[in-house]
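Okay, thanks everyone, let me put this one up on the screen. I'll talk for a few minutes, and you can follow along in the viewer.

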Amino acid sequence: MSIIKSVDCRLVFIEPETLRTDATQTFVRQETILVTVETDDGLRGTGYSYTIGTGGSSVLALLRDHLAATLLGADARNVEAVWARMLAATRATAFGLLTSLALAAVDTALWDLRCLRAGEPLWRLAGGAHERLPVYDTEGGWLHLSTEELVENVSAAQASGLRGAKLKVGKPSAVEDAERLTAVREATGPAFQIMVDANQSLTGAEAIRRARTFEPLDIAWFEEPLPAEDVAGHRRLARSTTVPVAVGESVYSVGHFAEYLSAGAAGIVQADVARVGGITPWLKVAHAAEACNVQVAPHFLMELHASLACAVPAGMYVEHIPQLGAITRSALVIEDGCVVPPETPGLGIEWDEDAIADLRVA
């Protein structure tokens, strides 16, 4: 057996490596919630989740005040049972982002334990579908950047071997968005993938209008064009354009993803392992997407999604936004524009405990 005997929860603030803006928000800081689970057989697994400026202390309180005690005495090998126990303990607040983030921090720790116990890396134990996947860059495409800066950044990403780049859209006029995208397309040529992301900023009618301006530029996908609750609006948009509609960053449950997939409202699924509640539900979403012939390009969390996207047949892309450099000693391996998932047992993340102690706030 592998009985949980202690659960340690911490909160760390990490400053973003560059200014990050989109149509609805600025990335103020990354509030990183770390959970370390220790079992009676001497193993320690560490997992995490995050917010981008607010709510980290609320997730920490949910973990410390309500979830940690429910985990003591549970068999850490029974990951599904533990996840169900946590959901039952938070039924009054599920489903929603704060609860999903709390569940994810524990669930990723349990998967770290599972992989350590088996002596296998996450990407293989969770499925082992791909030995590598292409990477696209987002760090050079923020909305506050000038057209000249966008062209320079995307050209640099292309020169480094990355396979694509994502640009934020949602300027006051469609013309301005189109001009910026056109300049980047002219600089990169037709083979380089360009994605766009509106961060839920548009109305249904405006999203349809802007999608039509994107079509001549051969855009790889149109991400979060509408509020995530508007499944019907995404379905109408998907039927009106040849540009694939990408959703999932702001979808917090397997059931909500099922609504999108059954409605034909998601051309690409971008499930975020932290926001959907952990690896356990993330894998269910990824396999549901596969069953619907939809590919998966997860949002953010590249240090973890590199392994998960490679684990599943529907894995498509890994998004490049550095996230954990300030508190880790490990780094992703990118070769010829593709990420190579870590082969070390566990999540493949080597935590820097000294740096964590320095940046810890609670």
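I'll go from the overall build to the sheet, the cores, and then a few individual residues.

First, a caveat: this is a predicted model. The protein comes to 12 helices and 13 strands. The C-alpha atoms fill a box of roughly 60 × 40 × 35 Å along the principal axes. How does the radius of gyration fit a compact globule? For 362 residues you'd want something near 21 Å, and the protein has 20 Å, so that agrees. Of those 362 residues, 57% count as buried. And if you take contacts between residues at least 6 apart in sequence, 71% of them join residues at least 24 apart.

Now, the sheet at the start of the chain. It's an open one, three strands in the order β1-β2-β3, with antiparallel pairing. The edges are β1, residues 4–14, and β3, residues 44–51, each pairing on one side only. From one strand to the next, the twist averages 20°. Strand β2, residues 30–39, is joined to β3 by eight bridges, and if you want a landmark there, Thr36 stands opposite Thr46 in β3. Helix α1, residues 56–71, packs on this sheet and touches β1, β2 and β3. Its direction makes about 175° with that of β1.

On to the inside. Nonpolar side chains in soluble globular proteins tend to be buried together. Here the largest nonpolar core has 102 residues, and among those with the most contacts inside it are Leu63, Phe222, Val269 and Trp282. Which helix gives the most to this core? That's α3, residues 97–118, with 11 residues. There's also a second, separate core of 11 residues, including Trp123, Met302, Cys310 and Val318.

Stay with Val269 for a second. Leaving out residues up to four places away in sequence, Val269 touches Phe257 and Leu261, and also Val285 and Ala289, among others. Phe257 and Leu261 are both buried residues of helix α9, which spans 254–263; His256, Tyr260 and Ala263 are buried there too. The cover over that buried set includes α8, β8, β9 and α10. Right after α9 comes Gly264, with a positive phi near 70°.

Helix α10, residues 279–291, also carries Lys284. Buried or exposed, or in between? Lys284 sits at 37% relative accessibility, so it counts as partly exposed. Its side chain makes a 3.1 Å polar contact with the side chain of Glu80. Lys284 also touches Val254; the two are 30 residues apart along the chain, yet their C-alpha atoms are separated by 7.1 Å.

Last bit: backbone oddities. The peptide bond from Ala94 to Phe95 is cis, with omega near -5°, and Phe95 is in the loop between α2 and α3. Then there are two non-glycines with positive phi. Phe300 has phi near 60° and is in the loop between β10 and α11. Asp336 has about 50°, in the loop between β12 and β13. Their surroundings differ, though: Phe300 counts as buried because its relative accessibility is 3%, whereas Asp336 is at 63% and therefore counts as exposed.

That's my tour, so pull up whichever part you'd like to argue about.

Terms used
Residues are numbered from 1 along each chain as its sequence is written. This is a predicted model: local features need pLDDT of at least 70, side-chain atom pairs count only at pLDDT 80 or more; totals for chains, interfaces and linings use all residues. Side-chain values use heavy atoms; hydrogens and water are left out. Two strands pair if DSSP finds at least two bridges between them. Helices (H or I, at least four residues) and strands (E, at least two) are DSSP runs, numbered from the N terminus. Axes are lines fitted to C-alpha atoms, for helices over the stretch in contact, and angles run from 0 to 180 degrees between N-to-C directions. Contact means heavy atoms within 4.5 Å. A nonpolar core is a set of buried Ala, Val, Leu, Ile, Met, Phe, Trp, Tyr and Cys residues joined through side-chain atoms within 4.5 Å. Buried means under 20% relative accessible area, exposed over 50%, partly exposed in between (1.4 Å probe, protein chains only). A polar contact is a pair of N or O atoms within 3.5 Å; within protein, one must be able to donate a hydrogen and the other to accept it, and residues adjacent in sequence count only if both atoms are side-chain atoms. The radius of gyration is taken over C-alpha atoms; the globule rule is 2.2 Å times the number of residues to the power 0.38.
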